[in-house]
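The following paragraphs lead through one structure, element by element, and are best read with the coordinates open alongside.

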Amino acid sequence: MLEAGDTIALAYAGRLLADLGADVVLVESGPGSPLRALGPFAGGVPDAERSAAFAYFHAGKSSVSRSADLGALAARSDVVLRGSRDGDPFLTDAEVERLVADDPGLVVVDVSALGRIGTGAGPHGSDDLLALAASGLLRVNSTSLTDDDPQPLRYRGELSSVHAACGAVVAVLGALFERRRSGRGQRVDVSQQAAVASVLATAVSRWAYTGTAPVWQGNRSVGPWGFYELVDGRVLMQITRDEEFRRLVHLLGDPDWGAIELFDTSAGRDENHDVLDVFVREALAPYTMREFLDLAYEHRIAACPIHGARDILEWDHLAARSSLPTARFATGDGVPVPVRPRRFDGAVPPERGPVPRLGSGDAEALWTTPAERPSPAAGAGAPVPGPLAGIRVVDLTVVWAGPFSAMQLAHLGADVLKIESSTRLETTRGLGPYADEIVGVNRSGYFNQNNQGKRSVALDLKTERGRELLRDLIATADVVIDNMSAGALGRMGFPFERLTEINPRIVAVSMTGFGESGPYSGHTAYGSLIDALCGIATSNGRVRGGPTDLVMSLPDPMAGITTAVATLGALYRARTTGEPVRVETAMFESCLAAFPWPVLFAGATGGEVPVIHNRDEARSPHGTFRCRGGADWVAVSVADDAAFAALADVMGDPGLADDPRFRTLGSRRLHEDELEAPVSAWTAERSPAEVVETLQAKGIGAEIVATIGEVHRHPVLAARGFFPELTHSEIGPHRLPSVPWVASRSPMSPRAAAPALGEHTREVLTEVLGLTAAQLDELERHGVTV
């Protein structure tokens, strides 16, 4: 695989593919990958060959110079990844067209901020802040849930880049499945904007279902949820279900306020959260961290400490799971980095290969013969099925991360059978937003957004006959996936050994919060807790601020799509070897892998991640600025000195570019407080559209900080078909987010709306298991199919 570009998105896509066993060659230009200059550096001394960031993203790859014959190297590749920060492609469009014409089996993937579809001739650069602005995230995520003057807040760690990278890898693996079938490759275009818009929890579905936008400082709908002060520190606690709230009240000694009727339900607690929060804070204040966390674990309350970077390196759970292997420099020493975010057959993933020196690979000696692949099959005009057509998945997942993961397989054409029951309702069926604001188990935008394209089979798994039917479905399946607590599927009677007896070719996927081993494996995991534990909360906030109580917990979709990548890799292996594969993923390790900066800073320098708000190490000015009226914002990203000179000229103050404080990137970064003041004054006199139009005309990076309604109407997303209209059996047609990629050959996008509860029970049990109408009637009478 050829990684022809210099972006975080390409680096992480290459990282994931290399971790699955691909032979990845990185192309570096001039002084090398920007990650070599970014650091943090081992020992704190700048050295391009000792950057922890470069070590993590590129250990085990080969490095070749951009001056090599890239066309010849690409012609010997299976997959070519393209993307660049400034939109200057390492391989031109004309070269790619020639490569694809010469080799119909080649897979070419482009990744950029808004994609290449609907954005004209380019350039198609990669800029995380601009993608976040256009995706709607900056209108949802803010610096504070309580301040009178919150500001838009990006996620440190290139959120749009890593999500786009994961989407790119899902699409690559789908394309490779298609090539196994037909011998034909394809072009895939990935948008960072779309990658983020597809994971914004209920923000997008709220608009689609109710026409209302999410509250900027938070519309959590469940609680208590947030940071709470104890005697000797601060914890993050999230209460989601009514029974969890009752357990919390009991833990706190059954105070009188715990019996107030207003707090009986999630809806009541949400509506009266300000009053409830006062009671909870007063009740928690006398506890020490150790006292409360021990009691929280005993009472199954989701609570955790808020880790800084050094806390992560010292955490005994990660040591027990060998979750921080070493990436080794050419000198032999190295730095701790996040482990590969999946485990096959229970094995701890090995350390990756060495960190390559700049340009150390010989392009002419790499892949000396063209890649072997099937010859293109006949019938080029026949309809092309989804890459996973014929693959059956038994989906035992709930809430967000698990359903989101299984949905990726449905997008690729798999027949995903969602097993659920009305006797124990899937959590998100009972959470809003609801279509037309009418409560109902089939009307939840939360559920319907993350279960598109699946078939619902209602079985009561508490009954012996229900478990027998599940067993029979697993016998016909290729994949079974669950996100229960560690070992729960085994306790139901389906440990991996039993699954392989039922189906000797099964791929069994288990998603947990903290893994199936280690001292923290039994703890409850919500996305907000992962934010706190893996250093995301302490890495984000106002300049030199933090930790930040993030309104939107995005570890769930990251864990979900990471698990989809692992599942596809395991399925590819199982199809090759004919052997079963056991897959384990942990939400915590998925997020460490995608957002590695706390580990890298602590491991390389012993320090914490600098909190820089929306600023950036490689661009300045770089941030969000208020526009006329004060309610609207723009994102501005100035790439280099020339772009800053153009900005100063546009602002009517060309002398700024000659000011010693602002003449170079380094000096601008040292004086960003002074630099941002004139930029803010200039944008404050103009509308967002005026600012963006003016700056883009001069080649300066700028995007409107889009509202969720504007995201739904965004012309680029419309051109990509990102909001397909799918008809739900109960609530009719609605437009929900699709996938971040567009593929030239394979259908890899939502095929149907999410199912109503039990909508396909009779259909599936007849079609797959051959049950008769009389047998189905009998199951219904005995409450087995409910």
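In this predicted model, strand 5, made up of residues 107-112, has 6 of its 6 residues buried, so the strand is largely enclosed by the rest of the structure. The side chains divide between two directions, V107, V109 and V111 pointing one way and V108, D110 and S112 the other way, and all of these residues are buried. The burial of strand 5 thus concerns residues on both of its faces, and among them are D110 and S112 as well as the valines.

What stands beside this strand can be followed through its pairing partners. Strand 4, residues 79-83, runs parallel to strand 5 and is joined to it by 4 bridges, with L81 standing opposite V109. Strand 6, residues 187-191, likewise pairs with strand 5 in the parallel sense, over 5 bridges, and here V109 stands opposite V188. V109 is therefore a convenient residue from which to trace the pairing, since it is buried, faces L81 of strand 4 and faces V188 of strand 6. The path of the chain from strand 4 to strand 5 includes helix 5, residues 93-102, and these three elements make a right-handed β-α-β unit.

The end of strand 4 leads to another part of the model. Which residues does D6 touch, beyond those up to four places away in sequence? They are P34, G83, S84, R85 and F90, and G83 belongs to the range of strand 4, residues 79-83. D6 itself is found in the loop between strand 1 (2-5) and helix 1 (8-19), and a polar atom of its side chain lies 2.9 Å from the backbone nitrogen of R85. Because its relative accessibility is 18%, under the 20% limit, D6 counts as buried.

Further along the chain, S266 has its place in helix 11, residues 266-271. With a relative accessible area of 14%, S266 is buried, and, setting aside residues up to four places away in sequence, S266 touches S221, V222, T240 and D242.

Helix 23, residues 555-577, permits a simple check of geometry: at 1.5 Å a residue its 23 residues should span 33 Å, and its end C-alpha atoms are 32 Å apart, which agrees. Of those 23 residues, 18 are buried, so helix 23 is largely enclosed by the rest of the structure. Just after the helix, G578 takes a positive phi of about 75°.

How many disulfides does the structure hold? The structure holds 0 disulfides. C304 is in no disulfide, and the nearest cysteine sulfur, that of C534, is 9.8 Å away; C591 is in no disulfide either, the nearest cysteine sulfur again being that of C534, at 5.1 Å. Since a disulfide requires two cysteine sulfur atoms within 2.5 Å, neither of these distances meets the cut-off. C304 counts as buried because its relative accessibility is 0%, and C591 counts as buried on the basis of a relative accessibility of 0%.

The last stop is L771, found in the loop between helix 32 (761-767) and helix 33 (773-781). Although L771 lies in a loop, its relative accessible area is 10%, and L771 is therefore buried. Leaving aside neighbours within four places in sequence, L771 is in contact with L469, L765, T766, L776 and L779. The C-alpha atoms of L771 and R628, which are 143 residues apart along the chain, are separated by 66 Å.

Note on methods:
Residues are numbered from 1 along each chain as its sequence is written. This is a predicted model: local features need pLDDT of at least 70, side-chain atom pairs count only at pLDDT 80 or more; totals for chains, interfaces and linings use all residues. Side-chain values use heavy atoms; hydrogens and water are left out. Buried means under 20% relative accessible area, exposed over 50%, partly exposed in between (1.4 Å probe, protein chains only). A polar contact is a pair of N or O atoms within 3.5 Å; within protein, one must be able to donate a hydrogen and the other to accept it, and residues adjacent in sequence count only if both atoms are side-chain atoms. Contact means heavy atoms within 4.5 Å. The expected span of a helix is 1.5 Å times one less than its number of residues. Two strands pair if DSSP finds at least two bridges between them. A crossover is right-handed if, with the strands pointing away from the viewer, the path from the first strand over the helix to the second runs clockwise.
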